Amino acid sequence: MVMNSNHSILIVDDEKIVRDSLAKWFQEDGYEVGTAENAAAALKQLQRRGWDVILLDIKMPGVDGMELQLRINELVPGATIIFITAHATIDTAVQALKRGAFDYVTKPVDPDYLSHVVRNALKQRTLSAENQKLKDRMTEISKADEIVGQSPQMQKIFEMVETVARADTTVMIRGESGTGKELIARAIHSGSGRKFFPIVTVNCGGLAEGLLESELFGHERGAFTGAQYRRKGKLEIADGGTLFLDEVGNISTKTQMDLLRVIETKQFSRVGGNELIRTDFRVVCATNRDLEKAVADKTFREDLYYRLNVFSIFIPPLRERRSDIELLAKYFLKKYSETMNKPIRAFSPEALAAIVGHCWPGNVRELENAIERAMVVGIPPAIQAHDLPMQVAETQDAPADGTIAAVEKTHIRKILEEHRWNISRSAIILDIDRVTLYNKIEKYGLKRPK
Amino acid sequence: MSLHVELHSALLDEERRARIVLTVARELDASVEWIRVSPPIQRAFDATRAQYHSTTILEDLQRNGNVDGQRKILALVDVDLFIPVLTFVFGEAQLNGPCAVISTARLKHEFYGLPANEAEFESRVEKEIIHELGHTLGLYHCRNFECVMRSSTYVEEIDLKRARMCVDCKTKYLSAKTAFVST
């Protein structure tokens, strides 16, 4: 063995002579060695500090080695235990290894073998620790972009994402354009066991039929004019990871059939090829089309619809979760202030009123673009209303005096009108309770149109 | 004051003893004396294993020997040694202690069914003596393949190393030796 000044070994054996001789033997190698004569002493040692390897005798008075192993596993999950015993039976060896012991050696053991086993145990322990560190680091850097939202609707979506991410099931994300469907898909991927493999996005709406086929399945050399080289398809690249099919409602009927087959069998051939390729991916798809109507119109296969629509997440448009607008605006302000290195840290009251008052038909994407543009033209320290894109500024209906009360009055009136003075619905959108809404209606003298 | 080493053994011929004493003295920068006595091994015999418990030999050696602040004693025996748990040991030393023991049993080619090789045997004995005496001065095992303080769990590993300490071990040894003789 070699110098191991950084590693420690705990020897648990009821025989003093065994403890002492092993301790001396390992000390010559520079290990830090501790000894314990029974289970109680061993557990005390383990509570006091961590040990890299625990050498455990099976036959001890009172709590024996096998029982102690269970207690150690509870106290120190992942402890590296090597059983060392004079009373070897196949049953105990199998049981010990099943419970996670690293190895099982019988006394007397060949010094070279013991040295080898301990070295391997330490090597595996180091590798496991490194592996965990790398995984943690990967988790950190593979985290999806932050999804911002405080509205009850978004809170519900976050819960759904967390639940479905771990279950390896197909997910369909519905919502208007710009609501952040791809962000949700990425959050599902990064919360899943497939996060160390890629998430591959296929924009089904942006490609012609033949191109989409080649994009998904890849092609062999000479499969068609211009196919000079063999090319891997997105299905092959997504092996182990997640396949995100964006705008899935726009796939042609033929490709729908091919896609259904791949999702069911997890195998396919490249265009122009015969070789069957196996692949393992999870499908997450998104659409803003009314797929139920498409199924009824026979433009979308019913079997594919059911295959894809196992778990559905609907992202409401921004106008239906107004309490998120200000939060998102401030989030994007901070984001672009940092990326553009511009000291704009706030919105003027007029600008904020314009943002909150806008109905954002392009949803979060439109809001983000508006803030990005405003950040480009804006002058520190704050973004003004005139820095916002024209359509935003024009559609604002902020009051002339610009006070918070006036902004609130205008906003409440707008929401009430949008929802035909349905108090319950408007209160949900405004994220206040009904009594508060009635009080505000009275305070601002708002009247329901006759 | 210099370090004094006593090698206790009735084994080997005069000529070979002289060569070993010279090599050990040179490497350890110590005065080395071969004392022709049979080390106390009777109590260490384990009838069930038909081997001798090296730790017991060390205890008896320490009890019987003239242990003082400047002396290290190494017993050279030809019986097979063991410590509980291990099938055998080539030798054992008291880490930072006065005594050490090595066995010639497994250093002989004949033990492995090979024809005798006296030169190699002698070299193995020298290396094991220096190695165990190194432990008595507090040295741990070394990573360097050629260093005499490299651990050997099978005999071929002894052949790989030289009868000398690497620079690092030598530095540690000299400083430990100085501290030992000055106490």
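These exercises with worked solutions walk through a predicted model of two chains, A and B.

## Exercise 1: Meet the two chains

Find how many helices and strands chain A has, and then do the count for chain B.

Solution.
- Start with chain A: here there are 19 helices and 16 strands.
- Move on to chain B, where the secondary structure comes to 5 helices and 8 strands. Read from the N terminus, its elements run β-α-β-β-β-α-β-β-β-β-α-α-α.
- Now look at burial. Chain A has 450 residues, of which 38% count as buried. Chain B has 183 residues, and 45% of them count as buried.
- Finish with contacts at a separation of 6 or more. In chain A, 70% of these join residues 24 or more positions apart; in chain B, the share is 63%.

## Exercise 2: Where the chains touch

Work out how many residues of each chain take part in the contact between A and B, and sort those of chain B by character.

Solution.
- On the chain B side there are 17 residues, and they are in contact with 22 residues of chain A.
- The chain B side divides into 10 nonpolar residues, 6 polar ones and 1 charged one.

## Exercise 3: A sheet in chain A

Put the strands of the open sheet in order and name the edge strands.

Solution.
- The sheet is built from 5 strands of chain A, in the order S7-S10-S13-S6-S14, with parallel pairing.
- Strand S7 (199-203) and strand S14 (311-315) are the edges, since each pairs on one side only.
- From one strand to the next, the twist averages 20 degrees.
- Zoom in on one pair: S7(A) and S10(A) are joined in the parallel sense by 5 bridges. Within this pair, A:Ile199 sits opposite A:Thr242 of S10(A).
- As background, strands of a sheet pair through backbone hydrogen bonds.
- Last, find helix H7 (residues 181-190) of chain A. Helix H7 lies across S6, S7, S10, S13 and S14 of chain A, and runs at about 165 degrees to S13(A).

## Exercise 4: A strand with two partners in chain B

Which strands does S1 of chain B pair with, and in what sense?

Solution.
- Strand S1 covers residues 4-8 of chain B and is mostly covered, with 4 of its 5 residues buried.
- One partner is strand S5 (residues 71-77) of chain B, joined to S1(B) in parallel by 5 bridges. There, B:His8 stands opposite B:Ala75.
- Another partner is strand S2 (residues 31-35) of chain B, also parallel and joined by 5 bridges. In this pair B:His8 faces B:Ile35.
- Now add helix H1 (residues 14-28) of chain B: together, S1(B), H1 and S2(B) make a right-handed β-α-β unit.

## Exercise 5: The two sides of a helix

Explain why the buried residues of helix H3 in chain A can be said to share a side.

Solution.
- List the buried residues of helix H3 (residues 65-75): A:Gly65, A:Leu68, A:Gln69 and A:Ile72.
- Check their spread: they cover an arc of only 110 degrees around the axis, so they lie on the same side of H3(A).
- Look at the face turned away from the buried side. The exposed residues A:Leu70 and A:Glu74 are found there.
- Ask what the buried residues pack against: strand S1 (8-12), helix H2 (39-48), strand S3 (53-56), strand S4 (81-85) and helix H4 (90-98) of chain A.

## Exercise 6: Unusual backbone spots

Locate two cis peptide bonds in chain A, then two residues other than glycine with positive phi.

Solution.
- One cis bond runs from A:Lys107 to A:Pro108, with omega near -5 degrees. A:Pro108 belongs to the loop between strand S5 (103-106) and helix H5 (111-141) of chain A.
- Another cis bond links A:Pro380 to A:Pro381, with omega near 15 degrees. A:Pro381 is in the loop between helix H15 (363-377) and strand S16 (382-383).
- Turn to phi. A:Glu247, not a glycine, has a positive phi of about 55 degrees; this residue lies in the loop between strand S10 (242-246) and helix H10 (253-265) of chain A.
- A:Trp360 also has a positive phi, near 50 degrees, and its loop is between helix H14 (349-357) and H15 of chain A.
- Compare their surroundings using the cut-off for burial, 20 or more other C-beta atoms within 10 Å. A:Glu247 has 19 and is therefore partly exposed, while A:Trp360 has 21 and is therefore buried.

How values were computed: Residues are numbered from 1 along each chain as its sequence is written. Chains are lettered from A and ligands numbered from 1 in the order in which they are written. This is a predicted model: local features need pLDDT of at least 70, side-chain atom pairs count only at pLDDT 80 or more; totals for chains, interfaces and linings use all residues. Helices (H or I, at least four residues) and strands (E, at least two) are DSSP runs, numbered from the N terminus. A residue is buried if 20 or more other C-beta atoms lie within 10 Å of its own, exposed if 12 or fewer, and partly exposed in between; C-beta atoms are placed from the backbone. Two residues are in contact if their C-beta atoms, placed from the backbone, lie within 7 Å. Ala, Val, Leu, Ile, Met, Phe, Trp, Tyr, Cys and Pro count as nonpolar, Asp, Glu, Lys and Arg as charged, and the others, Gly among them, as polar. Two strands pair if DSSP finds at least two bridges between them. Axes are lines fitted to C-alpha atoms, for helices over the stretch in contact, and angles run from 0 to 180 degrees between N-to-C directions. A crossover is right-handed if, with the strands pointing away from the viewer, the path from the first strand over the helix to the second runs clockwise. The arc is that of the directions from the helix axis to the C-beta atoms.
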